[in-house]
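Please look over the model below. A short report on selected local features follows.

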Amino acid sequence: MGTFKLKREEIKWIRKNLKNLTIKQMFEFIMANRPGKDCCQFTTFRMALYSKNIKKCKMLRWTKMETQFLLDNYQYIGNIELAKQLSKRGRKFTKKNIDKKMGLLGIKRTAEELEAIRINHQKNGSYRRGNKKMWKTRGFIKEGEIVQRIVKGRLVNMIKVNGKLVHYPRYRYRQVYGEIPKGYKIYYANGDPTNIDDSNFVARPAGQWKKLSKFQKVSKEEANKITKPNIIKADPVQEIKPVTTTNKIPIRIDKRTVIYVDPSTNITQLKNKYRMAANH
């Protein structure tokens, strides 16, 4: 077998998928599309990539001075500070570089050394904001409570159910009206996300209510007023009877027939019923 070479179209495909696939996955794909004589081992394939300057990440080669600086100071300085000190010497280092090098050298801090570094950071003011309790800064959300947050200029309502935050309009719509039809989203009927009344939730085809979605944005002035999430008490277990005046949704039975039904209607059974009637 001669020297292994990558074809031009293979190199283009590799560069296109370099971020999404591993080297192993690309190797298996290319070898599967080559005849047996043109195949090679994984190590040969990887060296062929290196020859074309195709790499998943840049290799950081440590000098003797940098390695010695790490060995002399890792017991007294944290990894982030070590990366900053080494970066001042001309090359950029990150915390990940320090972690990896310490693993390769087989060095590890003791519990006493870690505590000494933590105390030193507190004295320097590094933990001035980071040592606050999460529930004091963000607010502790209990089961069944609704939390309002600003996300990309929009007011979003979430409710905590079984320990997880879920989208409140979708959750409440299922409780009141039943399952959401496929391809539909839940909107606010009057365009006001602060109104979380059951009658304000309507189902519409996704992407077909652009005009209404414009009114759901929160102005910058209103967003700046909300410094922390607003929590509203609610009971996720409580069920209410479906309202009689619901917004009906269109269902296409065939190319010529479109009917309007309540969102809670079983669409599959309805279509089967019409098909059976058409066959008879």
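## Hairpin

This is a predicted model. Strand 1 (residues 146-151) and strand 2 (residues 154-161) form a hairpin, with two residues between them. In that turn, Lys152 has a positive phi of about 55 degrees. The two strands pair in the antiparallel sense, and six bridges join them. One of the bridge pairs is Ile150 with Leu155, the latter in strand 2.

## Nonpolar cores

The largest nonpolar core has 21 residues. Tyr168, Tyr173 and Phe201 have the most contacts inside it. Two or more residues come from each of these elements: strand 2, helix 9 (168-177), strand 4 (184-188), strand 5 (201-205), strand 7 (249-252) and strand 8 (258-261). Helix 9 gives the largest share, five residues.

A second core is separate from this one and has 15 residues. Among them are Ile14, Leu18, Ile30 and Ala48.

## Around Tyr173

Leaving aside residues up to four places away in sequence, Tyr173 touches Gly178, Glu179 and Ile180. Its contacts also include Ile186, Phe201, Val202, Ala203 and Pro263. Both Tyr173 and its contact Phe201 are listed with the most contacts inside the largest core.

## Thr67 in helix 4

Thr67 lies in helix 4 (residues 64-73). Is Thr67 buried or exposed? Thr67 counts as buried because its relative accessibility is 16%, and the cut-off for buried is under 20%. Apart from residues up to four places away in sequence, Thr67 touches Trp62, Lys101 and Leu105.

Technical notes
Residues are numbered from 1 along each chain as its sequence is written. This is a predicted model: local features need pLDDT of at least 70, side-chain atom pairs count only at pLDDT 80 or more; totals for chains, interfaces and linings use all residues. Side-chain values use heavy atoms; hydrogens and water are left out. Helices (H or I, at least four residues) and strands (E, at least two) are DSSP runs, numbered from the N terminus. Buried means under 20% relative accessible area, exposed over 50%, partly exposed in between (1.4 Å probe, protein chains only). Contact means heavy atoms within 4.5 Å. Two strands pair if DSSP finds at least two bridges between them. A nonpolar core is a set of buried Ala, Val, Leu, Ile, Met, Phe, Trp, Tyr and Cys residues joined through side-chain atoms within 4.5 Å.
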